[in-house]
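Let's take a look at a protein together. Scroll through the sequence, turn the structure around a bit, and then read on.

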Amino acid sequence: MTVLLTVLLIAVSAAIIVLHALSVFGQSRTARISTYFSLAMHIILFTVMLLMALPMDAAVLIFLSSVLIYSSLHALRYFRKESGKKEGEEA
């Protein structure tokens with residue numbers, strides 16, 4: 001049972017990362033749908049961590065790494081947009 005839950009934890013975490021990338025770099029409808037799926041996957045991730053009886057610090061680390069990845073993707077998108085502007089242009 002533990003092996004199954006560990007594999008499920010890894011699969012759900014990978015799916016969340018992919019959904020974060022889709023929600024940041026996707027078009028408006030794709031981004032909205034992937035955001036909703038990401039929310040559902042976070043709930044599933046929380047349930048799997050409860051079933052595995054993970055310590056609280058490990059669960060917080062997993063959720064905060066999700067926030068870090070999402071924020072980093074937004075920063076990457078912002079800097080890519082800023083570097084695409086020509087010299088002398090303003091926002």
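What follows is a short briefing on the fold, the surface and two serines. Keep in mind that this is a predicted model. The protein has three helices and zero strands, and going from the N terminus its elements read α-α-α. With a radius of gyration of 17 Å, well over the 12 Å that the globule rule gives for 91 residues, the protein is more spread out than a compact globule.

**Overall shape and contacts**

- If you drew a box around the C-alpha atoms along the principal axes, the box would be roughly 60 × 25 × 15 Å.
- How much of the contact set joins residues at least 24 apart? Of the contacts between residues at least 6 apart in sequence, that share is 60%.

**Surface, burial and charge**

- Of the 91 residues in the protein, 21% are buried.
- About 6,800 Å² of the protein is exposed, and 71% of that area comes from carbon and sulfur atoms.
- The protein carries 7 positive and 5 negative charges. Take the mean position of each group, and you'll find the two points 13 Å apart.

**Zooming in on S34**

- You'll find S34 in helix α2, which covers residues 28-52.
- Is S34 buried or exposed? Its relative accessibility is just 3%, and the cut-off for buried is under 20%, so S34 counts as buried.
- The side chain of S34 has a polar partner: it reaches the backbone nitrogen of S23 at 3.2 Å.
- S23 also turns up among the contacts of S34, along with L19 and L22, once you leave aside neighbours within four places in sequence.

**Zooming in on S38**

- S38 sits in helix α2 as well.
- With a relative accessible area of 7%, S38 is buried.
- Which residues does S38 touch, not counting those up to four places away in sequence? They are I16, L19 and H20.
- Now look for L73, which is 35 residues from S38 along the chain. The C-alpha atoms of S38 and L73 are separated by 15 Å.

**Putting the two serines together**

- L19 is a residue to click on in the viewer: it is in contact with S34, and S38 touches it too.
- Both serines belong to helix α2, and both are buried, S34 at 3% and S38 at 7%.

How values were computed: Residues are numbered from 1 along each chain as its sequence is written. This is a predicted model: local features need pLDDT of at least 70, side-chain atom pairs count only at pLDDT 80 or more; totals for chains, interfaces and linings use all residues. Side-chain values use heavy atoms; hydrogens and water are left out. Helices (H or I, at least four residues) and strands (E, at least two) are DSSP runs, numbered from the N terminus. The radius of gyration is taken over C-alpha atoms; the globule rule is 2.2 Å times the number of residues to the power 0.38. Buried means under 20% relative accessible area, exposed over 50%, partly exposed in between (1.4 Å probe, protein chains only). Contact means heavy atoms within 4.5 Å. Accessible areas come from the Shrake-Rupley method with a 1.4 Å probe; for residues, only the protein chains shown count as cover. Lys and Arg count as positive and Asp and Glu as negative; His and the chain ends are not counted. The place of a charge is taken as NZ of Lys, CZ of Arg, CG of Asp or CD of Glu. A polar contact is a pair of N or O atoms within 3.5 Å; within protein, one must be able to donate a hydrogen and the other to accept it, and residues adjacent in sequence count only if both atoms are side-chain atoms.
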